[in-house]
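Subject: Structure for your review

Dear colleague,

Please find the structure below, together with its sequence. My notes on what was found in it follow.

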Amino acid sequence: MVEAAGIDLLNLLLVLTLAWIFGLLVERAGYPALMGEILAGILFGPALLGLLHPSETLDVFAEFGVFLLMIYVGMEVDINDLFELGPQALMVAFGGFIAPFGLGYLVGVFIGVSIEQALFIGIAMAATSLATKSRILVDLDILDTRIAGVLLGGALLSDVGVMVVFTGVMSFVETGTVTPLGLGLVVGEALLYFAAALVFGNRFLPYVWVRMEDWMERHRFVDKTSAFTVALIVALIFAFFAALVELHMIIGGFIAGLFLRQAQLEPDIYEHMYDVMYDLAMGLFAPIFFVTIAFDLTLDVFTDSLGLLALIVASAFLSKILGSWLFTLPTKLTSREGLVIGFGMNGRGTVEIVIVSIALSAGVIGEELFSILVFTAIFTTALVPPTVKLGVEWLERSGELVFMDDLDLEVD
């Protein structure tokens with residue numbers, strides 16, 4: 001028992017140390033630390049050197065890390081800005097889903113797999129990752145721009161849509177049919193969650209917070225640490241109910257962060273909460289997530305299935321960009337903004353890995369297709385930081401990097 005605990009601690013120490021070193025090196029080169037963390041996972045994980053290995057401890061820390069990251073990102077975003085950018089985000093989510101899903105299914109038909117496998121290829125290619133987008137936007141310090149708002153809204157809506165379609169496909173795999181009633185219940189539960197979250201977060205949370213502060217002051221119990229603990233409990237409640245309706249817990253964390261920003265907290269308490277959330281997420285837990293995301297990668301596909309790998313990676317990469325970009329053209333976004341948003345939507349990360357892991361466990365896909373889809377998730381995620389960084393610099397040079405404050409001034 002003691003020896004196993006020591007191995008786990010050493011593994012954790014190595015993950016954090018390598019994440020920090022590689023993150024710093026990549027930042028010195030002018031790119032987000034996320035790239036260095038994923039690179040550390042590939043080089044020192046099971047795929048190559050085998051110095052780092054998966055463990056239950058790392059899994060727990062990684063899940064908690066991405067959860068804290070989403071709370072922090074939610075605290076950075078004004079919910080009114082998200083509502084204002086809702087139509088653009090909806091178009092991006094739809095285009096970023098329909099094009100890769102359709103092409104993924106056609107690729108499956110082309111290579112001769114079953115209908116179930118073709119559907120899973122489509123879902124895997126359509127997946128996106130709210131967590132990955134959020135970390136990159138934080139690293140690039142552009143959370144206050146219009147493209148960031150559309151990306152976050154689009155990724156949030158896309159994640160929900162992918163989960164709904166995934167549930168429908170799993171029903172088809174298990175029963176051979178998809179009933180409108182069953183699919184309607186899934187959609188209804190998701191809508192009910194967002195409606196309840198909006199009412200609770202917008203109407204009741206500020207009231208509850210004020211009453212709690214009064215009670216704590218009367219009992220001489222108020223301090224910054226206690227307020228942070230209560231905020232974390234609130235976020236976990238949002239996450240619990242998200243998981244209850246089969247949405248990912250990170251969606252609950254993001255929604256909680258949005259409403260914590262609106263909760264009329266005392267400035268010094270809010271700033272303390274914000275700083276601690278940032279330090280815990282970015283300095284400790286989130287790097288663990290981005291290192292371990294590379295642990296599922298195997299390199300055998302490069303020798304055994306290189307042609308199929310190239311076909312799926314290229315199809316996933318191009319269809320996500322083109323689908324997102326094309327559907328921004330009718331909106332107020334410029335063509336350049338739409339293209340950069342397409343680059344940002346490309347990262348699939350943990351969402352695709354979770355989906356294909358379930359498909360593998362259910363016996364729908366085999367090890368070869370699983371490895372190809374996992375590599376696709378990691379490769380497209382790794383491409384997002386450099387492509388978005390170059391895209392943001394392109395927008396800056398052309399004077400098309402729009403900040404939300406500028407839009408507010410135009411409205412005024």
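How many salt bridges does the count come to? The count comes to three. Please bear in mind throughout that this is a predicted model. I first describe the chain as a whole and then take the salt bridges in turn.

**The chain overall**

The protein chain has 412 residues, and 52% of them count as buried. Its secondary structure consists of 18 helices, with zero strands. If one takes the contacts between residues at least 6 apart in sequence, 81% of them join residues at least 24 apart. The chain has an accessible surface of about 18000 Å², and carbon and sulfur atoms account for 67% of that area.

**Helix α15 and its two salt bridges**

Helix α15 spans residues 335-345 and is mostly covered, with eight of its eleven residues buried. The buried residues of α15 are Glu-337, Gly-338, Val-340, Ile-341, Gly-342, Phe-343, Gly-344 and Met-345.

One salt bridge joins the side chains of Glu-337 and Arg-146, with an N to O distance of 2.8 Å. This pair links distant parts of the chain, since Glu-337 belongs to helix α15 and Arg-146 to helix α8 (residues 146-175), 191 residues apart. Glu-337 has a relative accessible area of 0% and is therefore buried. Arg-146 is also buried, because its relative accessible area is 10%, under the 20% cut-off.

Another salt bridge pairs Arg-336 with Glu-400, and the closest N and O atoms are 2.7 Å apart. Here too the pair links distant parts of the chain: Arg-336 is in helix α15, while Glu-400 is in the loop between α17 (367-398) and α18 (404-411), 64 residues apart. Arg-336 has a relative accessible area of 31% and so is partly exposed. Glu-400, at 16% relative accessibility, counts as buried.

**The salt bridge within helix α17**

Glu-393 and Lys-389 form a salt bridge in which the closest N and O atoms are 2.5 Å apart. Both residues lie in helix α17, four residues apart, which is about one turn of the helix. An α-helix has 3.6 residues a turn, so residues three or four places apart point the same way. Side chains of opposite charge can pair when their charged atoms come close. Is Lys-389 buried or exposed? Lys-389 is buried, with a relative accessible area of 17%, whereas Glu-393 is partly exposed at 26%.

**A negative surface patch**

Asp-268, Glu-271, Asp-275 and Asp-279 form a negative surface patch. Asp-268 lies in helix α12, which covers residues 267-292. With a relative accessibility of 38%, Asp-268 counts as partly exposed.

**A backbone feature at Asp-141**

Which residue other than glycine has a positive phi near 60°? That residue is Asp-141. Asp-141 sits in the loop between α7 (130-140) and α8. Asp-141 counts as exposed, because its relative accessibility is 65%.

When you open the model, I suggest beginning with helix α15, where Glu-337 meets Arg-146 in a salt bridge and Arg-336 forms a salt bridge with Glu-400.

Yours sincerely

Terms used: Residues numbered from 1 in each chain as written. Predicted model: local features only at pLDDT ≥ 70, side-chain atom pairs only at ≥ 80, totals over all residues. Heavy atoms only, no water. Patch = residues over 30% accessible without salt bridge, like charges linked within 9 Å, V, L, I, M, F, W, Y side chains within 5 Å. Areas by Shrake-Rupley, 256 points an atom, 1.4 Å probe, with all protein chains shown as cover. Salt bridge = Lys/Arg side-chain N within 4 Å of Asp/Glu carboxyl O. Lys, Arg positive; Asp, Glu negative; His and termini not counted. Charge placed at Lys NZ, Arg CZ, Asp CG, Glu CD. Helix = DSSP H or I, 4+ residues; strand = E, 2+ residues; numbered from the N terminus. Buried < 20%, exposed > 50% of the residue type's maximum accessible area, 1.4 Å probe, protein only. Contact = heavy atoms within 4.5 Å.
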